[in-house]
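Here is a short set of exercises to work through with the model open beside you. Try each task before you read its solution.

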Amino acid sequence: MVNLLDFDLDGLAAFCEGLGEKRFRAVQLLRWIHQRGQADFGQMSDLAKSLRDKLAGRAEVAALPVISQHESRDGTIKWLFDVGGGNAVESVFIPEDDRGTLCVSSQAGCAVGCRFCSTGHQGFSRNLSTAEIVAQLWFAEHFLRRHLQTEERVISNVVMMGMGEPLQNYDRVLPALRLMLDDHGYGLSRRRVTVSTSGVVPMIDRLTRDCPVALAVSLHAPTDALRDQLVPLNRKYPLDELLSACARYLASAPRDFITFEYCMLDGVNDGPEHARALLELTRRHAAEGLRCKFNLIPFNPFPQSGLLRSPAPRVLAFAGLLNNAGIVTTVRKTRGDDIDAACGQLAGDVRDRTRVQQRMARQRAATSQKKVVS
Ligand code: SF4
């Protein structure tokens, strides 16, 4: 059975052509599925009966089973989705006054192994398919419309900052990005779709050509010696190569700056000397056209990391040094603290695989019981 969530418009058009149908049928299907949240071909009233018959038995719109949903006091909602084989991934919706942002996962686990990231500590299970990436957005958007009783679009921004390194799953992420941007899909602005990477340099260059969206780079250290320890991928793509790729990216990016994410770790990377080294690093690349902003992230400690959150005054002093030197620097507000929804903690529940397995088993038992009852 083919899951139609796996396709961007070109993919769906090719699938329809395989059924002997014209491209405009793919446009109709895409709108029904993504704009209206319809999964039942029988309800797609303007599709020819002959096409509905062809789809039945060959194709489906299959959502991911929801293992759990937690809503924070501040309106943040976190979902844990079952992707099979004992794996689960998380998505988080963060409502703000002027936007609704969904943080999406691209892999089950992550192979990069950043020291401060709980996902990294789990290791890597597998890449998500395009359908599994898109299903997070499809479910969240249409759940939220029902939840908030609106027919208007709720999710205005998508950030690929959940579990996984999206640029290490490039071929599946690319159709998902195209679908997010497609006017027949989610119609999001390129400026409002952000890929966050730890620095896979060749794929940054490919994204420039294939689908330039906003780019965030997990920097976390001003020198190779320190970044090698915090973000092991740095040994393959060191800072100078990475920042040069960022400068090249800006030539076709929808925003005129790169966002550098910087997780503030007590006594590790948060001193004035680190801020000064960052200024030196970014100045060196300004000549290539690099423009950037910094987003300082309060670290969410977890036992295996052996790391602590920087005290707030040190974070403010660090931000002050960068801002005074002319680099716009913000400190990320923590959201959803009561449900462990912060960046780098998305895997909080998943980390304990035993508990996840138990919850999945409970959910499967409940589902089969429902089937028996009905
Ligand atoms: S911070 Fe991102 S790239 Fe690094 S281990 Fe975590 S999920 Fe992977």
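**Exercise 1. Taking stock**

How many helices and how many strands does the secondary structure of the protein come to?

Solution. Keep in mind that this is a predicted model. Going through the chain gives 13 helices and 14 strands. Next, look at burial: of the 374 residues, 56% count as buried. Finally, turn to the contacts with a separation of 6 or more: residues 24 or more positions apart account for 66% of them.

**Exercise 2. The sheet and its edges**

Work out the strand order of the open sheet, then explain why one side of β3 and of β14 is left without a neighbour.

Solution. Start with the order: the 10 strands run β3-β4-β5-β6-β9-β10-β11-β12-β13-β14, with mixed pairing. Now take the two ends: β3 (66-71) and β14 (329-331) are at the edges and each has a single partner strand, so one side of each lacks a neighbour in the sheet. From one strand to the next, the twist averages 20°.

For the β14 end, check the partner. Strand β13 (residues 292-298) and β14 run parallel and are joined by 3 bridges. Leucine 296 is the residue opposite valine 331 of β14.

**Exercise 3. Two hairpins around β5**

Describe how β5 pairs with β4 and with β6, and find the glycine with a positive phi.

Solution. Take β4 and β5 to begin with: their pairing is antiparallel, over 7 bridges. Aspartate 82 faces alanine 88 of β5 across this pair. The hairpin of β4 and β5 has 2 residues between the strands, and there glycine 85 adopts a positive phi near 65°.

Move on to the other partner. β5 and β6 also run antiparallel, and 5 bridges join them. Here glutamate 96 sits opposite arginine 99 in β6, and the hairpin linking the two strands passes through 2 residues. As for burial, 7 of the 10 residues of β5 are buried, leaving the strand mostly covered.

To finish, add the helix: α5 (residues 130-147) lies across β3, β4 (77-84), β5 (87-96), β6 (99-103) and β9 (157-160). Helix α5 runs at about 140° to β4.

**Exercise 4. Around the ligand**

Which residues surround the ligand, and how do they divide by class?

Solution. List the shell: Cys110, Val112, Gly113, Cys114, Cys117, Gly120, Gly164 and Ser198. Then sort by class, which gives 4 nonpolar, 4 polar and no charged residues.

**Exercise 5. Two side chains compared**

Decide for glutamine 28 and for arginine 314 whether each is buried, partly exposed or exposed, and name what each touches.

Solution. Glutamine 28 belongs to helix α2 (residues 23-35). Its relative accessible area is 16%, under the 20% cut-off, so glutamine 28 is buried. The side chain of glutamine 28 makes a polar contact with that of arginine 25 at 2.8 Å. Not counting residues up to four places away in sequence, glutamine 28 touches Asp46 and Leu47.

Arginine 314 belongs to helix α11 (residues 312-324). With a relative accessible area of 32%, which falls between 20% and 50%, arginine 314 is partly exposed. Leaving aside neighbours within four places in sequence, arginine 314 is in contact with Met264, Asp266, Gly267 and Asp270. For glycine 267, 47 residues apart from arginine 314 along the chain, the C-alpha atoms of the two are separated by 9.8 Å.

How values were computed. Residues numbered from 1 in each chain as written. Predicted model: local features only at pLDDT ≥ 70, side-chain atom pairs only at ≥ 80, totals over all residues. Heavy atoms only, no water. Pairing = 2+ DSSP bridges. Helix = DSSP H or I, 4+ residues; strand = E, 2+ residues; numbered from the N terminus. Axes fitted to C-alpha atoms, helices over the stretch in contact; angles between N-to-C directions. Contact = heavy atoms within 4.5 Å. Near = heavy atom within 4 Å. Nonpolar A, V, L, I, M, F, W, Y, C, P; charged D, E, K, R; others polar. Buried < 20%, exposed > 50% of the residue type's maximum accessible area, 1.4 Å probe, protein only. Polar contact = N/O pair within 3.5 Å; in protein donor to acceptor, adjacent residues only side chain to side chain.
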